[in-house]
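Okay, thanks everyone, I'll keep this short. Have a look at the model on the screen and then I'll walk you through a few packing details.

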Amino acid sequence: MEASYAAAKVGARTCLITISADTIAKMSCNPAIGGLGKGQIVREVDALGGLMGLAIDATGIQFRLLNRSKGPAVRAPRAQADKYKYKDYIRGRLEQTENLTIVEAIATQIITEAGRVAGVRCGDGRVYRAGAVILTTGTFLRGLMHVGTEQWPGGRLGEPAANELSQSLEQIGLKLGRLKTGTPARLDGATVDLDKLEIQQGDEQPTPFSFMTDRIDRPQIPCWITYTNKDIHQLIRDNLDRAPLYSGQITSTGPRYCPSIETKIVRFADKERHQVFLEPEDAERKTIYCNGISTSLPKDVQERMLRLLPGTERARIVHYGYAIEYDFCPPIQLKSSLETKAVPGLYLSGQINGTSGYEEAAGQGLIAGLNAAKSLQSKDPILLARDHAYIGVMIDDLLTKGVSADGGECLGTLTEPYRMFTSRAEYRLALRADNADRRLTQIGRSAGLVDESRWAKFQKKLEDLAKLKEYLAKERSGGASLWEQLRQPQSSFADTLSDHPEVRKMNMGKDVLDAAAVDAKYEGYLAKQQRLAVGLRSLENKKIPGDLDYKNISHLRAEAREKLSVFRPGTLGQASRINGITPADITVIQIHLKKTTSQATRGRDCE
């Protein structure tokens, strides 16, 4: 959705091909947006002018700011969505977007001419010519679904797989791998005994995702917490031979950070219970998502498991949990713009790149959409650095670490679907959820994605923040400026800043007051981080030719030659982050590039 929206908003005539318009933005897994690392990405998508933040603010039913007791750098918004209203909101916005046409069809072939993309052929014979194509395939590529010994082709529940498209990608030179994900059972909300469960409320003052949302006034819907027990664990152990993950039926790699309940029982054999969150999928609580017991166990085992789980003893299963295997393209086949190296004009984003989660897909989609449109306008791509955005961290990780394909091919060092965590970002003190607008809205504006109302609101915030900081730096109390008092680690002044008489007269918004307080606290740390970023940026600015023959570089280690020949980094900075590449290897490449540049220059002088 973000890819098509971004491309259309910046002026490209865009066609969104989807199996069904009714399933655009359908939440096939957890009906939630945000979380640690993920919430920061949603804020960045919003700051750039995307849709996801606005959509969850309009349709969320419970909002929580995670890590509230910790520093601002690791705080992140998360919200449960009414998944039906969420997809309706997105579809409505897309249908109202100028330059965007929605077509219901199954894409079956990527058309190429003269070595570059030329369009898409659909299963019904229709052909759509295009100078740029973006694939956002989710779990549909040769999707195979599993419940116990039952197997059937499908992209997600009730929808067909895209088999021919996988074949087309292989024919045009892309390598494919295989990954797995899964989902738990959904329950009829009216049949769950909620009274015996631990309740989890949302925040009294919800934190919006979008910088355009002033406040969220809707009532919060609670979630509930229950726990597995020894009887459930024994039931699962007794039926592991019927579990596709352990019977040999499923061989592809799944997410380690979000394992199935059967994997938890095996991996954490000493644990007597595991937490399960019962999360409403809609405001009316018609269906409940059982977060924590993702499974592909047979239906009868799932039923018995739920009979043993406190609160769900008499619950009716709306649909069973399942696992799904699907194709993906190891992402080291991409440029930083998310354009494929093999086929100019073809862009990939989301789970086709080996990532997981709605948020990671949204971040990639927006960048792919912008860059596809930019390429048609003969403009430079939008490239976000690691010190500029979590989206930049994610894309760089995919290009320099990749995601391994099955079969032992040297196509990456990550052996599971990629998920964003705050720990992946070495500049996370600067990449906070609260300052995403100050990092990225200017970029969105330059790209043509940020509209006048967002830009005006952003400019007002910058003006207010500058005015507030100027006052705090000048006003003194007790021998120190108010700004210096804000900087003190143990100072509680930030909690009472809004009560200060002169500050109250300024009538600043809470976002401005919070921004000033956080900037003061982190000022010294950010200065050090900025110096580090400037030092490393020199490597990021040194390009490596795409056709560089590493095998002919003298003194380069054999391991470095092999890995660099596979990953094909675009810059020395990217090369330095590939596992197994040493500083000495980077020095050897620098010397080689300098020598070849000098030789080329002398050659031109002789002419």
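Let me start with a question: which residues does Ile110 touch, not counting residues up to four places away in sequence? Just so you know, this is a predicted model. With those sequence neighbours left out, Ile110 touches Val117, Gly119, Val120, Val133, Leu135, Leu165, Ser168, Leu169, Ile172 and Leu346.

Ile110 turns up again when you look at the largest nonpolar core, which has 84 residues. The ones with the most contacts inside that core are Tyr86, Ile110, Leu135, Leu169, Leu346 and Ile391. There's another core lying apart from it, with 25 residues, including Leu197, Ile261, Ile293 and Val301. As background, nonpolar side chains in soluble globular proteins tend to be buried together.

Now, Ile391 takes us to helix H11, residues 390–400, since Ile391 is one of its buried residues. How many of the 11 residues of H11 are buried? It's 11 of the 11, so the helix is largely enclosed by the rest of the structure. That set has Asp396, Asp397 and Thr400 in it, along with residues such as Val393, Met394 and Leu398. What do they pack against? The partners are helix H2 (38–48), helix H10 (358–376), helix H12 (436–447), helix H18 (558–567) and helix H19 (572–576). And following H11 you get Gly402, with a positive phi near 65 degrees.

H12 was on that list, so let's go there next. Its axis and that of helix H13, residues 452–474, come within 11 Å and cross at roughly 140 degrees. The two helices are therefore oblique to each other, and the crossing is left-handed. On the H12 side the contact is made by Asp437, Arg438, Thr441, Gln442 and Arg445. H13 brings Glu452, Trp455, Phe458, Lys461, Leu462, Leu465 and Lys469. By type, that contact divides into four nonpolar, two polar and six charged residues.

Last pair: helix H6 (residues 230–238) and helix H9 (residues 299–308). Their axes come within 9 Å and cross at roughly 170 degrees, which makes H6 roughly antiparallel to H9. This crossing is right-handed. H6 uses Asp231, Ile232, Leu235 and Ile236, and H9 uses Val301, Arg304, Met305 and Leu308. Here the split is six nonpolar, no polar and two charged. You may remember Val301 from earlier, as one of the residues of the 25-residue core.

That's it from me, happy to go back to any of these on the screen.

Methods: Residues numbered from 1 in each chain as written. Predicted model: local features only at pLDDT ≥ 70, side-chain atom pairs only at ≥ 80, totals over all residues. Heavy atoms only, no water. Axes fitted to C-alpha atoms, helices over the stretch in contact; angles between N-to-C directions. Helix = DSSP H or I, 4+ residues; strand = E, 2+ residues; numbered from the N terminus. Parallel < 35°, antiparallel > 145°, perpendicular 65-115°, else oblique. Left-handed = near helix turned anticlockwise from the far one by under 90°. Contact = heavy atoms within 4.5 Å. Nonpolar A, V, L, I, M, F, W, Y, C, P; charged D, E, K, R; others polar. Buried < 20%, exposed > 50% of the residue type's maximum accessible area, 1.4 Å probe, protein only. Core = buried A, V, L, I, M, F, W, Y, C linked by side-chain atoms within 4.5 Å.
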